[in-house]
Amino acid sequence: MAAKDNQPLSETGYKQELKRALTFWDLMIYGLVFMVPIAPFGIYGIIAQGSNGMVALAYLIGMVAMIFTALSYATMSEAFPIAGSVYSYAQRGINDAAGFLAGWLILLDYIFVPALLYLVSAAALHDIVPEIPLLVWLVFFIGINTVINVIGIEFTAKANKIIIVLELIVLAIFVGVGIYAVAQGVNGAEFTYKPLYDADQFSLGLVMGAVSIAVLSFLGFDAIATLAEESKGGRKAVGNAIIVSLLVVGVLFIIQTWVAALIWPDYTTFENADVAFYQIAEVAGGAWLKWLTIIATAVAWGIADALVAQAAISRVLYSMARDRKLPKLLAKVHPKFQTPYISTIIVAIISLIVTSFFANRIGELASVINFGALTAFLFLHVSVIIYFIGKKKSKNYFKHLVLPLVGFVIIAYVWWNLDALSKQLGFIWLAIGIVYLLFLKGTKRDTKLNLEE
């Protein structure tokens, strides 16, 4: 059974081309790096103000909400342990056309995420060292990550371990210094449950508005599914890693935001909400802690998060190109490193172009990303229901109907609250995808697959 679990591609019409080298721990760390354990550093102020100071509650609800999507990913990754993530799941769970559209939408997320990360990190470092042009920082980040990803997934996994350790050290330093500051009553700090629940300030609509922002910090756990053909832990390894990484990072988010809220109890007095966390760090430990958190954020996003994002999108491109949904060249695997190196290089080139185009429009870029991810998640939940209840006639209604249905409703609620620009740009991208799909069908250029397991 183990051999079958580790080499299932013959059942799905594919051959093993990518190197199986990743353990459960590699996959879990990959997910943690993608979600960035210190992600709240960059958006703390916005969520604190949006939730009336109950930022820890916003992250708690966000974690619970995303668990349902994680469970759907785990279910489908066990049924179809192949690269492609939601593209493969919707393709085989619903039909070929749905698979293409889900893949097209997740491309919107994965292709633009590295560009956004590079841009934010380069801008941060450019502010610190303005003598170095923004373009130099962009080329630096993109170049490092491309080389690491081309060399091999094992090398990427090793880099991930180093990066996650450094992030956790910085986080531990902040939490330790922060708790000491609270104990000393710095800035009027005292222990309270208000960051988790404040009866006087609580408003469900208000908190859920903050959750719609906080929940996006969890995006990235789904990228673990793109490494299914490089996992050597069996069919359940990917799903288990998705769920565990989401829970771990959620707990870390809650702890750090709770401590931050205690140190700066009046969330209405931030000088600038965009850099509120760094203000809090300076109050807690001084200028050194402020700069430590700023640099850690820049490196975590520009190298760590972008590294795994580039690896994820290259696997989706590889999977879709293998099925001739995209140019076949993107499915080319390096003969020595066994990585989809053409896709990896293409992603690097796209990132450089996108960062140049959106250099002064980061908000618009983020809006496009959110639409792609959340809409793809809707396809995922539908895939679980149609495949297991509709096609396999499963009687496990709780796992295969109730859970994905709840997940669908939650994601639909968050999707509905996206801004108008996000939806406008997203639907334009979707329309382009539909036209391209019709072209593929009309010219019969895509591969006809046996989609029955």
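This report walks through the aromatic contacts in this predicted model.

## Aromatic pairs

Let's begin with the overall tally: the rings of the model make 33 aromatic pairs. One of them joins Tyr73 and Tyr89 in an edge-to-face arrangement, with ring centres 6.1 Å apart and 70° between the planes. Tyr73 belongs to helix H4 (residues 55–79) and Tyr89 to helix H5 (residues 86–93), so this pair ties together parts that lie 16 residues apart in sequence. If you look for these two side chains in the structure, expect to find both Tyr73 and Tyr89 buried.

## A pair in an exposed setting

Now turn to Phe191 and Tyr193, which also form an edge-to-face aromatic pair. Here the centres are 5.3 Å apart, and the planes meet at 75°.

Are these two residues buried or exposed? Phe191 has a relative accessible area of 56%, so Phe191 is exposed, given that the cut-off for exposed is over 50%. Tyr193 comes out at 55% relative accessibility and therefore counts as exposed too.

## An aromatic cluster

Some rings gather into a group. Phe41, Tyr44, Phe174, Trp264, Phe270 and Phe277 together make up one aromatic cluster, and it is worth selecting these six residues at once in your viewer.

## Charges over rings

Tryptophan rings also meet lysines here. Lys290 lies over the face of Trp291, at 5.3 Å from the ring centre. In another such contact, Lys423 places its charged end over the ring of Trp416, 4.8 Å from the centre of that ring.

Notes. Residues are numbered from 1 along each chain as its sequence is written. This is a predicted model: local features need pLDDT of at least 70, side-chain atom pairs count only at pLDDT 80 or more; totals for chains, interfaces and linings use all residues. Side-chain values use heavy atoms; hydrogens and water are left out. Rings of Phe, Tyr and Trp (its six-membered ring) pair if their centres lie within 6.5 Å; planes under 30 degrees apart count as stacked, over 60 as edge-to-face and the rest as tilted. Helices (H or I, at least four residues) and strands (E, at least two) are DSSP runs, numbered from the N terminus. Buried means under 20% relative accessible area, exposed over 50%, partly exposed in between (1.4 Å probe, protein chains only). A charge sits over a ring if NZ of Lys or CZ of Arg is within 6 Å of the ring centre and within 35 degrees of the ring normal.
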